[in-house]
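Student: I would like to learn how to read a model of this kind. Can we go through it feature by feature?

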Amino acid sequence: MQPTTPLVLCVLLSQVLLLTSAEDLDCTPGFQQKLFHINQPAEFIEDQAILNLTFSDCKGNDKLHYEVSSPYFKVNNDGSLVALRNITAVGKTLFVHARTPHAEDMAELVIVGGKDIRGSLQDIFKFERTSPVPRQKRSIVVSPILIPENQRQPFPRDVGKVVDSDRPEGSKFRLTGKGVDQEPKGIFRINENTGSVSVTRNLDRETIATYQLLVETIDVNGRTLEGPVPLEVIVIDQNDNRPIFREGPYIGHVMEGSPTGTTVMRMTAFDADDPATDNALLRYNIRQQTPDKPSPNMFYIDPEKGDIVTVVSPALLDRETLENPKYELIIEAQDMAGLDVGLTGTATATIMIDDKNDHSPKFTKKEFQATVEEGAVGVIVNLTVEDKDDPTTGAWRAAYTIINGNPGQSFEIHTNPQSNEGMLSVVKPLDYEISAFHTLLIKVENEDPLVPDVSYGPSSTATVHITVLDVNEGPVFHPDPMMVTKQEHISVGSVLLTVNATDPDSLQHQTIRYSVYKDPAGWLNINPINGTVDTTAVLDRESPFVHNSVYTALFLAIDSGDPPATGTGTLLITLEDVNDNAPFIYPTVAEVCDDAKNLSVVILGASDKDLHPNTDPFKFEIHKPTVPDKVWKISKINNTHALVSLLQNLNKANYHLPIMVTDSGKPPMTNITDLRVQVCSCKNSKVDCNTAGAPHFSATAVLLLSFFSLARL
């Protein structure tokens, strides 16, 4: 059942109002009835009259011409509507356009089911009675104007008429709205005296489908007498737009072996024509399939929905047997429900047959051979496999596993992503003397799981036989590094230790000779036969070649192979400290003013290259045999610092004060250092010392420097 459209209600209601308001006019140009309901028959019979239309231009209908919106109907000169062929469906609505040189009008024909027609007029009048818009008595009578789009010349042409039964003499009609005095301007105009409405150019429904205008009557001064009254102009659709596929590219995927009827993708087109008419009612079909093997009809498209589905058996949808796993379909969309008169548009659908893992990888050989030198690492053999699946998918990519023969994890296997080969590598050096042969059992699988009806067979495993080649290996020191602790200043020629190196080539009878490789200070010697290491010089813990009391030397062990092989061993000598370094003081120069009230001269610090207990606490003294009494004094501050001060002011001059400092070693060591004290004249913030070129440090500056050094200790 097709419901009565609002457009139909509007047109019929307007005609009823027109007849009611203008019933006393002698003749109204146009169709005498503008709305018809046609029962949908089982079939429209060719040349059979369906109904009769009555049109009058009130001037004899000279050169009357009819046009029908559907190509399957025509209107004879007598106004009879007939079908041109036997058809069962033409859409919901037809429009008949009648035109003479004096008048033009449009009638609407609604095709409904048999039950729809009963009571339809009652429904229309019921709608009129229940409309929320109150009915008003007006003298201006306006009917909606229906204009087909894409009309041809000549323009302007009359398309309708406004009637005012009570229009005062001298009044005029005025038309306003979008399409008249608003953009787009100038499309419609009205004869201000007769009320005839005309269009000045052809219309495009896809640009503007309806125009809402206003009609009013005005006096000679432009004042409104009545109105405005709405005037609706409806643009009738013509089939002037082809279907367009706007969402491409269209690429679909379907898994090989998919059941018949599997949906691959959906393709829909767009038609800019009126979706309520057959002008935009689309049907789809496949125009061409490339390639056309193994069947020219691999796919089917639902003519209404645009769904593309498979139509061949799963066995034919086998990616490995297809010449090309990519199909291109030319899809056509046709409006007018697919009838021959409809416009068409095409697009290409690309369908990829995706691979599934229905083939297991197989080794090209059951056994592979490899050789590797002992001690070497890296790839030793590439294992080759075959797989019929798609090389770009996980159904083809191989994953290798060593399932036996690798207890020490000396071997690893990785997949070459380009060739899919298994690259077997040695990652831990092999020892010929331990094992000269290795046998590995390797399994290959795919990254993706196999389909349920396929399994890995014997061809998915292979054996690799590896032969280890013997090489002349260098001797090895035991232990390495070698460590010994000795006191510094041991006598020259003292034996430190005897090194020991063995030859890993146990199956070969070779001799070993020793030599010094690195001895930075030149302190050591090694017996080339038995490996005894002794000293050639005094060992000094305070040497710049000793770091953190440890001296490092390197030795070589060279076998008698051809060519000979060399091993390197490290000797770490920890040197114990002895008290062999006397302490020293700092600073050795100081200044004091001759009239200073503070007789402190300088704070002395002491340091020792030895280690505790051969360093502090230090003992500070003035070497009295050369210094007069009751002038200088030295006082201990802590274990490493002492204060030198004057007992009386001195004249400006340079004084040398011998300072004796002693460490705490057993036996202790003593050092005497001259402290040069400059007594300067300090007047008006100027310091004047009597020795040219001597450092000009004030006593206060020296004290501050000494206290800073003390604070850091």
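The dialogue below goes from the whole chain to strands, rings and one loop.

Tutor: Keep in mind that this is a predicted model.

Student: How many helices and strands are there in the chain?

Tutor: The chain has 3 helices and 52 strands. Of its 713 residues, 43% are buried. The accessible surface is about 37700 Å², and 51% of that belongs to carbon and sulfur atoms.

Student: What share of the contacts between residues at least 6 apart in sequence joins residues at least 24 apart?

Tutor: That share is 67% in this chain.

Student: How do I read a sheet?

Tutor: Strands of a sheet pair through backbone hydrogen bonds, and the pairing is either parallel or antiparallel. Here, one open sheet has 3 strands in the order 20-23-22, with antiparallel pairing. Strand 20 (263-266) and strand 22 (299-301) are at its edges with a single partner strand each, so each has one side without a neighbour in the sheet. On average, neighbouring strands of this sheet are turned by 20° against each other, direction ignored.

Student: How many bridges join strand 22 and strand 23?

Tutor: Strand 22 and strand 23 (residues 307-310) are joined by 3 bridges, in the antiparallel sense. One bridge partner to look up is Val 309 in strand 23, which is opposite Tyr 300.

Student: Where do the side chains of a strand point?

Tutor: In a regular strand they alternate between the two faces of the sheet. Take strand 16 (residues 196-199): Ser 196 and Ser 198 point one way, Val 197 and Val 199 point the other way, and all are buried.

Student: Which strands pair with strand 16?

Tutor: Among them are strand 12 (residues 157-161), which pairs with strand 16 over 4 bridges in the antiparallel sense, and strand 15 (residues 188-190), which pairs with strand 16 over 3 bridges, also antiparallel. Val 199 is the bridge partner of Arg 157 and also of Phe 188. Strand 15 and strand 16 form a hairpin with 5 residues between the strands, where Gly 195 takes a positive phi near 85°.

Student: Arg 157 has come up already. Where does its charged end sit?

Tutor: The charged end of Arg 157 sits over the ring of Phe 155, 5.4 Å from the ring centre. Arg 246 lies over the face of Phe 270, at 3.9 Å from the ring centre.

Student: How many aromatic pairs does the whole structure hold?

Tutor: A search finds 11. One of them is Phe 31 with Tyr 66, a tilted pair at 6.5 Å centre to centre with 40° between the planes. Phe 31 belongs to strand 1 (residues 30-31) and Tyr 66 to strand 5 (residues 65-68), so this pair ties together parts 35 residues apart in sequence. Phe 31 counts as buried because its relative accessibility is 5%, and Tyr 66, at 11%, counts as buried too.

Student: Why is the pair of Phe 363 and Phe 368 edge-to-face?

Tutor: Their planes are at 65°, with the ring centres 6.1 Å apart, so the pair is edge-to-face; the cut-off is over 60 degrees. Phe 363 and Phe 368 are both buried. Elsewhere, ring pairs link Phe 31, Phe 55 and Tyr 66 into a cluster.

Student: Is Asp 453 buried or exposed?

Tutor: Asp 453 counts as exposed because its relative accessibility is 69%, and the cut-off for exposed is over 50%. Asp 453 lies in the loop between strand 33 (437-446) and strand 34 (461-469). The C-alpha atoms of Asp 453 and Asp 358 are 8.0 Å apart, although the two residues are separated by 95 residues along the chain.

Conventions:
Residues are numbered from 1 along each chain as its sequence is written. This is a predicted model: local features need pLDDT of at least 70, side-chain atom pairs count only at pLDDT 80 or more; totals for chains, interfaces and linings use all residues. Side-chain values use heavy atoms; hydrogens and water are left out. Rings of Phe, Tyr and Trp (its six-membered ring) pair if their centres lie within 6.5 Å; planes under 30 degrees apart count as stacked, over 60 as edge-to-face and the rest as tilted. Helices (H or I, at least four residues) and strands (E, at least two) are DSSP runs, numbered from the N terminus. Buried means under 20% relative accessible area, exposed over 50%, partly exposed in between (1.4 Å probe, protein chains only). A charge sits over a ring if NZ of Lys or CZ of Arg is within 6 Å of the ring centre and within 35 degrees of the ring normal. Contact means heavy atoms within 4.5 Å. Accessible areas come from the Shrake-Rupley method with a 1.4 Å probe; for residues, only the protein chains shown count as cover. Two strands pair if DSSP finds at least two bridges between them. Axes are lines fitted to C-alpha atoms, for helices over the stretch in contact, and angles run from 0 to 180 degrees between N-to-C directions.
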